[in-house]
Amino acid sequence: MPRRIATTLAVLLAAALGGCASNAGGSGATSGTVTSEADPATITVFAAASLTEAFDELAAQFEVEHPSVEVVLDFGGSGTLAQQIAEGAPVDVFASAAEPPMQSVVDAGLAVDPAVFATNTLELVVPAGNPAAVTGLDDLANSSLRVALCDVSVPCGAASEQLLRQQGVTAAPDTLESDVKAVLTKVSLGEVDAALVYRTDVRSAGGSVEGIEVPDAASVVSRYPIAALTDAAEPATAAAFVAFVAGAEGRTVLDRFGFGAP
């Protein structure tokens, strides 16, 4: 099963321990296969928080197909992950919840030819039972309600701002969170009355929350790109994981978790 890490230091330690047999001179990997199942390899994947459940499963499936490979997953806000990559975090694959964070990595020469592998849209979410009787997007402007949104610096926040602007709603958030899972946690614990998250997050939360569809939410589509890093320690394995996620097996898993096709 894939193991998660929470900090760049943890990533560094995992890479140091797993990279003894790596091809340290690899660069620019955008395609390829795992060349030898006899040689153990560890790849570190930075992925947007909204991909948590889907990538947990995808990584587990990839490890089954490649028994010598361990996939280490680190989830967070796409902008924060992109910044950590720019600062030198040893990462093999980056999957972002929007194109701008990925483009910043490409512009820095750290990745090439990212592929959009999934899409997502926003949905209102409330605690189970909807105790505040929220009915629609306009309720986010009600100062008597406790509202959570993603910070505009991360993809779910930028998408929320765009949707609210299009619908003419001036939200009154009580808290701005660094990633969509932090927002979802506030809702599931009943700490806020309403929030905007991705529809996939509503599905993953199960019965702890309820989703309320937003008219015209489909007008704001988040596109998810993925790429192997140019200085990946395991370029062939990184490229193989990217191809796996973007391929038919990846599509089957992503469909099940509610992600739209590119």
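Start with the lining of the largest cavity, whose residues divide into 8 nonpolar, 4 polar and 1 charged. The model open in the viewer is a predicted one.

**Stop 1: the largest cavity.** The structure holds 2 cavities of 30 Å³ or more. Select A49, G77, A97, P155 and V180 to find the largest cavity: of the 13 residues that line this cavity, these are the closest to its centre. About 70 Å³ of space lies inside. Keep P155 selected, as helix α5 comes next and P155 belongs to its span of residues 155-166.

**Stop 2: helix α5.** Extend the selection from P155 to residue 166, which gives the 12 residues of α5. Place a distance marker between the first C-alpha of the helix and the last: the helix reaches 17 Å, close to the 16 Å expected at 1.5 Å a residue. Now colour P155, C156, G157, A159, S160, L163 and L164, which are buried in α5. An α-helix has 3.6 residues a turn, so residues three or four places apart point the same way. With that in mind, look at the buried set again: P155, A159 and L163 are among its members, and so are C156, S160 and L164. Then step just past the end of α5 to G168, where phi is positive, at about 70°.

**Stop 3: the second largest cavity.** Select S50, E53, A54, K181, T200, D201, S204, F257 and F259, the residues that line the second largest cavity. Two elements, α2 (52-65) and α7 (199-205), each give two or more residues to this lining. Which element gives the most to the lining of the second largest cavity? Helix α7 does, with 3 residues. Colour the lining by class and the count comes to 3 nonpolar, 3 polar and 3 charged residues. The space in the second largest cavity is about 40 Å³.

**Stop 4: the loop between β6 and β7.** Move to A132, in the loop that runs between β6 (122-127) and β7 (147-150). Is A132 buried, partly exposed or exposed? A132 has a relative accessible area of 25%, and buried means under 20% while exposed means over 50%, so A132 is partly exposed. Show the contacts of A132: leaving out residues up to four places away in sequence, A132 touches L145 and D193. To finish, select S144 together with A132; the two are 12 residues apart along the chain, and their C-alpha atoms are separated by 9.9 Å.

Technical notes
Residues are numbered from 1 along each chain as its sequence is written. This is a predicted model: local features need pLDDT of at least 70, side-chain atom pairs count only at pLDDT 80 or more; totals for chains, interfaces and linings use all residues. Side-chain values use heavy atoms; hydrogens and water are left out. On a 1 Å grid over the protein atoms alone, a cavity is a set of points where a 1.4 Å probe fits but cannot get out, and a pocket is an open set with protein on both sides within 12 Å along at least five of seven lines; lining residues have an atom within 4 Å of a point. Grid points are joined across faces, edges and corners, and a volume is the space filled by probe spheres set on the points. Ala, Val, Leu, Ile, Met, Phe, Trp, Tyr, Cys and Pro count as nonpolar, Asp, Glu, Lys and Arg as charged, and the others, Gly among them, as polar. Helices (H or I, at least four residues) and strands (E, at least two) are DSSP runs, numbered from the N terminus. The expected span of a helix is 1.5 Å times one less than its number of residues. Buried means under 20% relative accessible area, exposed over 50%, partly exposed in between (1.4 Å probe, protein chains only). Contact means heavy atoms within 4.5 Å.
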